[in-house]
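User: I'd like a close look at one part of this model, with the rest brought in for context. Could you walk me through it?
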Amino acid sequence: MKIKEIKTEDLHPEEFIREKIQEISSVVGSDLAISALSGGVDSSTVTMLGHKALGDKLKTYFIDNGLMRQNEPQQIVPAFKNLGVRVEIVNAQEKFFNALKDITNPEEKREAVTQTFYKDVFGQLVRESGAKYLLQGTILTDVDETVAGIKRQHNVFEQLGINPEEAFGYKIIEPLIQLRKDGVRKLAQTLGLPEFIYNRIPFPGPALVTRIIGEVTPEKVEIVRKATAIVESELSNTNAFQYMAILHPDRVTGVRDGKRDYGFQIEIRCWDSIDAREAEPTRLSHDTLEKLAYRITTEISSVVSVTYNITSKPPSTMEAV
Ligand code: XMP
């Protein structure tokens with residue numbers, strides 16, 4: 001069934017929120033639902049909608065998959081506490097790293113993340129809590145890209161003919177599925193989420209897996225996590241849609257203190273876009289690029305080379321994996 005888009009200019013946030021609260025509460029009834037909060041705009045918005053609709057009948061979890069950016073739970077959990085939403089942190093790092101071991105193919109990596117989230121981690125949470133529903137922040141762009149066969153987005157099932165109840169043992173509710181990212185930001189603001197959340201750059205569900213080419217290991221995640229923190233702090237004033245650091249698997253020869261070095265390469269991407277369907281590389285100044293290269297190669301000793309991607313989407317995609 002084709003999903004009917006609600007264009008951002010046609011979205012009336014208050015009305016939409018009222019309707020969705022009504023819908024969620026009538027679907028869930030007297031049952032329990034869970035929400036997996038990652039701190040991204042979509043999952044934060046869905047968690048607030050669920051909280052307003054269900055109160056204590058919603059259990060919110062932050063899954064620490066070991067693949068998130070620096071200090072994620074420390075920033076997100078207190079922000080939700082301020083809004084009256086209790087978030088429980090679930091440590092699932094080992095499960096994700098085991099599932100990703102030895103996999104280099106991008107779509108297989110995405111599938112490993114999906115199965116670990118939905119079958120293993122959420123499946124267990126649903127069984128333990130007795131919940132029947134999972135609330136999730138799928139948006140129309142996620143569906144489009146998956147259906148078009150560009151990328152298997154981690155959170156799309158029905159459109160691929162997968163019945164979540166049969167595959168994982170619970171039903172999925174997707175209140176944001178008719179919207180694009182800019183529409184979700186409007187809602188998030190209306191719902192009273194703090195600006196650092198509603199204006200956050202997008203961050204994909206499979207997290208830093210999408211930014212490591214080749215096998216994902218804890219050591220590689222650590223390198224790309226540090227590079228991500230540097231890129232985000234240096235580019236936050238650009239107004240770009242999204243910016244990221246990508247770790248390449250092959251190493252290159254470098255020189256440090258007059259001696260040969262053999263280290264990793266980080267690729268920086270910074271995108272101008274409205275809704276992620278098409279994107280252009282931001283025209284960053286050379287000074288900014290040089291500062292990024294300097295900081296990355298001095299603060300991360302295993303990196304000897306930094307590049308900037310100058311390709312548009314298409315033919316590139318925004319994430320590398
Ligand atoms: P691509 O790389 O497909 O990314 O050009 C377009 C936008 O989608 C985000 N993205 C994802 N978001 N689950 C998500 O929730 C995913 O599996 C996923 N893959 C890509 C990406 O960060 C960009 O904003």
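Let's start with Ala276: in which loop is Ala276 found?

Analyst: Ala276 belongs to the loop between E8 and strand E9 (280-281). Strands here are DSSP runs of at least two residues marked E, helices are runs of at least four marked H or I, and both are numbered from the N terminus. Before going further, a caveat: this is a predicted model, where local features need pLDDT of at least 70 and side-chain atom pairs count only at pLDDT 80 or more, while totals for chains, interfaces and linings use all residues. Residues are numbered from 1 along each chain as its sequence is written, and side-chain values use heavy atoms, leaving out hydrogens and water.

Back to the loop. Ala276 isn't a glycine, yet its phi is positive, at about 75 degrees. That catches the eye because most residues other than glycine have a negative phi. Ala276 also counts as buried, at 16% relative accessibility. The cut-offs are under 20% relative accessible area for buried, over 50% for exposed, and partly exposed in between, with a 1.4 Å probe and protein chains only. On either side of Ala276 in sequence sit Asp275 and Arg277, and these two form a salt bridge, with the closest N and O atoms 2.8 Å apart. A salt bridge here is a side-chain nitrogen of Lys or Arg within 4 Å of a carboxyl oxygen of Asp or Glu. The two partners differ in cover: Asp275 is buried, at 13%, whereas Arg277 is partly exposed, at 40%.

Now the strand that leads into this loop. E8 (residues 259-272) runs antiparallel to E6, and six bridges join the two; two strands pair if DSSP finds at least two bridges between them. Tyr243 faces Cys270 across that pairing. E6 (residues 242-247) is largely enclosed by the rest of the structure, because six of its six residues are buried. Both of its faces are covered, with Gln242, Met244 and Ile246 buried on one side and Tyr243, Ala245 and Leu247 buried on the other.

There's another positive phi just ahead of E6. Asn239 sits in the loop between helix H10 (218-235) and E6, and its phi is about 70 degrees even though Asn239 is not a glycine. Unlike buried Ala276, Asn239 is exposed, at 78% relative accessibility.

Other salt bridges are worth a look, as the count under that rule comes to 20. Arg295 pairs with Glu299, the closest N and O atoms being 2.7 Å apart. Both lie in helix H11 (residues 286-299), four residues apart, about one turn of the helix. Glu299 is partly exposed, at 43% relative accessibility. Shared partners tie Glu234, Lys291, Arg295 and Glu299 into one network of salt bridges. Elsewhere, Lys181 forms a salt bridge with Asp42, at 2.8 Å between the closest N and O atoms. That pair links distant parts of the chain, 139 residues apart: Lys181 is in helix H8 (residues 181-190) and Asp42 in helix H2 (residues 41-54). Both ends are buried, Lys181 at 10% and Asp42 at 11%.

Finally, follow the chain past strand E10 (303-308), into the segment that holds Pro314. The peptide bond joining Lys313 and Pro314 is cis, with omega about -15 degrees. A second cis bond follows, from Pro314 to Pro315, with omega near 5 degrees. Most peptide bonds are trans.

Lys313 takes us to the ligand too. The ligand is surrounded by 15 residues, and the closest are Glu145, Lys151, Lys313, Met318 and Glu319; a residue is near a molecule if one of its heavy atoms lies within 4 Å of it. Lys313 has a polar side-chain atom 2.7 Å from a ligand oxygen, and an N or O atom in the side chain of Glu145 is 2.4 Å from an oxygen atom of the ligand. The protein covers 94% of the 490 Å² of accessible area that the ligand has on its own, with areas from the Shrake-Rupley method and a 1.4 Å probe.

Terms used. A polar contact is a pair of N or O atoms within 3.5 Å; within protein, one must be able to donate a hydrogen and the other to accept it, and residues adjacent in sequence count only if both atoms are side-chain atoms.
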